[in-house]
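Please open the structure in your viewer and keep the selection tool within reach, since this tour moves from one selection to the next. At each stop, take a moment to look before you read on.

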Amino acid sequence: MAYRVATKCIHLEQQGVTCDRSGAVSFPIYQSATFAHPGLGESTGYDYSRLQNPTRQQVEEVVAGLESGVDGIAFSSGMAAVSAVMELFSPGDRVIIDEDLYGGSVRLFSAISEKNGLEILRINLAKESPEAYITGQTKAIFFETPTNPMMNVVDIAKVTAIAKSHGLLTIVDNTFLSPYLQNPLALGADLVIHSGTKYLGGHNDTLAGFVVAGTAKLAEQLRYISKTIGAVLAPMDSWLILRGIKTLALRMEKAQQNAFHIARWLEERPEVVRVIYPGLPGHPGHGIMKKQARGFGAMLTFEVNDKKLVEKLLQRLKLILFAESLGGVETLITYPITQTHADVPAERLAENGINDRVLRLSVGIEDISDLLADLNQALS
Ligand SMILES: *Cc1c(COP(=O)(O)O)cnc(C)c1O
């Protein structure tokens, strides 16, 4: 199937699960916990919704198709997906992680994975090669690119080549760009994770997570973990993500265009000391992103010159909502130090340049002039 990604977002649904014979253009919500068997030793392919559900299977096939993976597995949230991936490892295994990650993943690794006996080693993959940190016990490298919130860019092909030469798995959390703009499996990664809550759903109304596997063996292991742990995506939520994906291409294009405008506008403001957006030619990861992604996304981070301005801004913004999360149609502003990164130790925040003057924008799809007017009235 040679369709381009924008077409796939809309039409993969018609090519996926075929259990429905009504011709429904929008895939039905199979709100059933269990499925009847025709006879002894027979199955329709559906037994119980923790194992398989047609609506969930449909969204899994669509997401796997967008990432060109062998299989996709849908979870009840992005963190459920990350947690399931960590179940691939055993006590004593070392997992190399990037220094700048979603705060919830940092908490999972330090509060749970380490307690379970994994050795989690943090390095800055945007700056250093993981080669020197690989031991006989090392099993995987886990990162996001661009990172959250500092927008560091990791060269996916470079890291996967090193990982492959040592037999390690490369796991990429691709939430920030979505499969519309970046496909890590095509660059050599083994597993791709999405918080479907963000761009895939796109409307800030549903929690979801996905793991897309590049090999049948990994897919089988993760299906086993998923049915055993049980943090699966509900039929209704699967449908909401299916619906969200239909406009993924349009939303990403518009949000990205708005993000460019805002990044350039903020750069001109005297109150702003730093704008970190990989689409700006001065960004250190700009060249790598041009090589490995089809765009720069709609997340940007900026630093104001005074902590007091943070309070003022967060109080005064009217259209732009002060809320956690990202990837929806609404523009949201986040204060990482007290929100997404509240559980990250102070010295790690400092190492990553996250201070009390840093704010993150998830740019939505509103009219750009209204967004700029809102920022202007709040900053001035
Ligand atoms: C939000 C997010 C997660 C966690 O996803 P939830 O759906 O909130 O559980 C993981 N990684 C990244 C990059 C995220 O932005």
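The tour visits the ligand, then the pockets and the cavity, and then a few places in the backbone. Keep in mind throughout that this is a predicted model.

**Stop 1: the ligand and its surroundings**

Begin by selecting the ligand, and then add the residues that surround it, which are Ser77, Gly78, Met79, Tyr102, Glu144, Asp173, Thr175, Ser195, Thr197, Lys198, Ala208 and Leu326. If you colour this shell by residue type, you will find four nonpolar, five polar and three charged residues.

Which residues of the shell should you look at for polar contacts to oxygen atoms of the ligand? Start with the side chain of Thr197, where an N or O atom lies 2.6 Å from an oxygen atom of the ligand. Go on to Lys198, whose side chain has an N or O atom 2.8 Å from an oxygen atom of the ligand. At Gly78, turn on the backbone, for here a polar backbone atom is 2.8 Å from a ligand oxygen. Taken alone, the ligand exposes 370 Å², and the protein buries 93% of that area.

**Stop 2: the pocket that holds the ligand**

Now widen the view from the ligand to the space in which it sits, which is the second largest pocket. This pocket has a volume of about 240 Å³. It is lined by 19 residues, and to find its centre you can select Gly78, Met79, Tyr102, Ser195 and Lys198, which are the closest to it. Helix H3 (78-86) and strand S6 (191-195) are the elements that give two or more residues to this lining. The lining as a whole divides into eight nonpolar, eight polar and three charged residues.

**Stop 3: the largest pocket**

Next, move to the largest pocket, which holds about 390 Å³ of space. Of the 21 residues that line the largest pocket, select Met150, Met151, Asn152, His283 and Pro284, as these are the closest to its centre. Which strand gives the most to this lining? Strand S8 (residues 272-276) does, with three residues. By type, the lining of the largest pocket consists of 10 nonpolar, six polar and five charged residues.

**Stop 4: a cavity**

The structure also holds one cavity of 30 Å³ or more, and the space in the largest cavity is about 40 Å³. To locate the largest cavity, select its lining residues, namely Tyr199, Arg251, Met252, Ala255, Gly327, Gly328, Val329, Val363 and Ile365. Six residues of this lining are nonpolar, two are polar and one is charged.

**Stop 5: places to check along the backbone**

Before the last selections, it helps to know that most residues other than glycine have a negative phi, and that most peptide bonds are trans.

With that in mind, go to the loop between strand S4 (138-144) and helix H5 (156-165), where Pro146 is found. The peptide bond from Thr145 to Pro146 is cis, with omega near -5 degrees. Pro149 has its place in the loop between S4 and H5 as well, and the bond that leads from Asn148 to Pro149 is cis too, with omega near 5 degrees.

Finish at Ser68, in the loop between helix H2 (54-66) and strand S1 (71-75). Is the phi of Ser68 positive or negative? Ser68 has a positive phi of about 50 degrees, although it is not a glycine.

Conventions. Residues numbered from 1 in each chain as written. Predicted model: local features only at pLDDT ≥ 70, side-chain atom pairs only at ≥ 80, totals over all residues. Heavy atoms only, no water. Near = heavy atom within 4 Å. Polar contact = N/O pair within 3.5 Å; in protein donor to acceptor, adjacent residues only side chain to side chain. Areas by Shrake-Rupley, 256 points an atom, 1.4 Å probe, with all protein chains shown as cover. 1 Å grid on protein atoms, 1.4 Å probe; cavity = no way out; pocket = protein on both sides within 12 Å on 5 of 7 lines; lining within 4 Å. Sits in = over half its atoms within 2 Å of the grid points. Nonpolar A, V, L, I, M, F, W, Y, C, P; charged D, E, K, R; others polar. Points joined across faces, edges and corners; volume = space filled by probe spheres on them. Helix = DSSP H or I, 4+ residues; strand = E, 2+ residues; numbered from the N terminus.
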